[in-house]
Amino acid sequence: MAQANLVIVRGGGEVATATAQKFFRAGIPVLVLERPWPTALRRTVALCQAAYTGQAQVEDVLCRRVEADAEIKACHKEGAIPLLVDAEGESIARLRPRAVVDATGDVPGRLTHTGMAPITIALAAGPAPAAPVGAVVDTRCGQVQGRVYYAGQEIVPGKPYALPGGQPSYIAAPFAGTLRAIKRMGDVAHTGEAVLLIEQQFVTAPFDGVLRGLLHPGLCVPQGMPVAELDPNLSADVQLLSSAARCVAGGVLEAYLTLKHQLRRKQ
């Protein structure tokens, strides 16, 4: 069941969502592939929530979970982005998309390679071994963010830098167990105030901030795993994609259009 113009985005976190939004707004059909139990922190800006709830809305984009390949086109006709639970990417060979974008955060090239589609793009946080993909988009903060490196180009080892105003900070699980939320996304948590429970033990805020990220309640987490994220900017809007996610997504769209143009020239 080939879909010649289809772009598959592997992963449904914030950066993947911003990427899917770019393609959606450009009129390019897109499909999100996710795990059955996603672990995105910024759930209010992550289409992967559709894996839990059946559908998710992020800004102007509606995402619906589909259960079979045959439902994908119908979802597109409804003006929504389909999400298929397919962590291994088994549907890629069946659907034969034009492009595959790896936004899972894994090592570039481990899950996605040039044999999967005419156009393959991966995201990477800094220098990495040569990846068997058509392009890599840098996710680091600073001047390198969103920069595209095509096959054969060396990734610039530039250092990321902190932006003024303070940065969101992750709260790691102090012990393993099942997570239960006390605060809601977008709530303000004050220093020492309980944010969540893990196995009936409180996890508190290390400083005053807006709860920008929180794992889906009910997940069993290992010790040390990031379970929440606080933003010291108390006016932060957790319903809007971050500028960083938009920047990286812009790099992905640039890479896609460039590689598509190169393919046409070769034909």
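This report walks through a few local features of one predicted model: two loop residues, a small sheet, a helix pair and a tyrosine.

Because the model is predicted, local features need pLDDT of at least 70 and side-chain atom pairs count only at pLDDT 80 or more, while totals for chains, interfaces and linings use all residues. Residues are numbered from 1 along each chain as its sequence is written, and side-chain values use heavy atoms, with hydrogens and water left out.

**Two glutamates in loops**

Helices (H or I, at least four residues) and strands (E, at least two) are DSSP runs, numbered from the N terminus. Exposure goes by relative accessible area: buried is under 20%, exposed is over 50%, and partly exposed is in between (1.4 Å probe, protein chains only). Here are two residues with positive phi that aren't glycine:

| Residue | Phi | Loop between | Relative accessibility |
|---|---|---|---|
| Glu 59 | near 50 degrees | S3 (55–58) and S4 (61–66) | 25%, partly exposed |
| Glu 199 | about 50 degrees | S13 (194–198) and S14 (201–204) | 44%, partly exposed |

**A four-stranded sheet**

S13 and S14 turn up again in an open sheet of four strands, with the order S14-S13-S11-S16 and antiparallel pairing. Strands pair if DSSP finds at least two bridges between them. At the edges sit S14 and S16 (220–221), each pairing on one side only. S11 (residues 177–181) is joined to S16 by two bridges, and Gly 177 stands opposite Val 221 in S16.

**Two helices that cross**

How do you describe two packed helices? You use the angle between their axes and the distance between the axes. The axes are lines fitted to C-alpha atoms over the stretch in contact, and angles run from 0 to 180 degrees between N-to-C directions. For H1 (residues 14–25) and H5 (residues 243–266), the axes come within 8 Å and cross at roughly 50 degrees. That makes H1 oblique to H5, since angles under 35 degrees count as roughly parallel, over 145 as roughly antiparallel, 65 to 115 as roughly perpendicular and the rest as oblique.

Contact means heavy atoms within 4.5 Å. Residues of H1 that meet H5 include Val 15, Ala 18 and Phe 23, and among their H5 counterparts are Val 248, Leu 253 and Tyr 256.

**An exposed tyrosine**

Is Tyr 170, in strand S10 (residues 169–172), buried or exposed? Tyr 170 is exposed, with a relative accessible area of 53%. Not counting residues up to four places away in sequence, Tyr 170 touches Leu 41, Pro 226, Ala 228 and Glu 229.
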